[in-house]
Amino acid sequence: MGRIEIRRNILEANENLARRNRDFFASNDVLVVNVMAAPGAGKTSTILKTIESLADQYAFAVIEGDMASRIDADVMAERGIPVEQINTGNMCHLDANMIREAAGKFTYDRPTILFIENVGNLVCPSEFSLGEDLNIVIASTTEGHDKPYKYPSIYLRADAVLINKIDLLEAMEFDRKMFCDGVAAVKPMPPLFEISCRNGSGLDDWACWLASECERKLGGTRGKLAEG
Ligand code: MG
Ligand code: ZN
């Protein structure tokens, strides 16, 4: 078997497992958000701030993906958030099988938003479906406005794009227009939220959008159950 064929088989097997995850999440009233970003963009901070904003509306769970350590999982656990850490070792992305195992460890007794913090990487996380409902890409002003041009495939998957550390926009000489043009070159511009986890700006709009997406999925399944 050639290398291309092996890779195709791996991706196909992953798609099958992702479909099973999707059924599992749907039947448990779970909205799954796959959070992708470069290291240091603020994935963990954004997840924490989002949970703070929506804590009275939904239950939450978090799966942390890192090559090593439980630093982020410990942060979540300290705040009483149900969390599973996946250490991928030499793998630079999460896959559907890892999610199946970790997601099965939570109990879902009311509508839940499950955040999956993918490994900090702008390349292969975009290739591996996990059974998620939403793919979120977090960019940050500190990493520069050229990333959509250099890593288009991750932006192709984005259902929403967040620009974090927006309070540093001027200091970092981040060119908002160049960034947005880069995303729009890949796909019709998805919802864009400019946020700062440090001063809280923009987080309400983002949380509000996420809640409406959640109602669309979970409200829908509740409606169907009520009908019958
Ligand atoms: Mg993190
Ligand atoms: Zn990888």
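**Entry 1: Cys92 and the zinc ion**

I looked up Cys92 in this predicted model and found a relative accessible area of 30%. Since the partly exposed class runs between 20% and 50%, I put Cys92 down as partly exposed.

I then checked Cys124, which has 11% relative accessibility. That value is under the 20% cut-off, so I noted Cys124 as buried.

Which protein atoms are donors of the zinc ion (ligand 2)? I listed Cys92 (SG), His93 (ND1) and Cys124 (SG), lying 2.0 to 2.3 Å from the ion. I wrote their spacing along the chain as C-H-x30-C. Cys92 and Cys124 are 32 residues apart and link distant parts of the chain. I placed Cys92 in the loop between strand 3 (83–87) and helix 4 (96–103). Cys124 sits in the loop between strand 4 (112–117) and strand 5 (134–140).

**Entry 2: the largest pocket**

I next turned to the largest pocket, which holds about 220 Å³ of space. I found 15 residues lining the largest pocket, and the closest to its centre are Pro39, Gly40, Lys43, Asp66 and Glu117.

Which elements each supply at least two residues of the lining? I noted helix 2 (43–54) and strand 2 (59–66). Helix 2 gives the largest share of the lining, three residues.

I also sorted the lining of the largest pocket by residue class. I recorded seven polar residues, four nonpolar and four charged.

Conventions:
Residues numbered from 1 in each chain as written. Chains lettered and ligands numbered in written order. Predicted model: local features only at pLDDT ≥ 70, side-chain atom pairs only at ≥ 80, totals over all residues. Heavy atoms only, no water. 1 Å grid on protein atoms, 1.4 Å probe; cavity = no way out; pocket = protein on both sides within 12 Å on 5 of 7 lines; lining within 4 Å. Points joined across faces, edges and corners; volume = space filled by probe spheres on them. Helix = DSSP H or I, 4+ residues; strand = E, 2+ residues; numbered from the N terminus. Nonpolar A, V, L, I, M, F, W, Y, C, P; charged D, E, K, R; others polar. Donors = N, O, S within 2.8 Å, 3.2 Å for Na, K, Ca; no water. Buried < 20%, exposed > 50% of the residue type's maximum accessible area, 1.4 Å probe, protein only.
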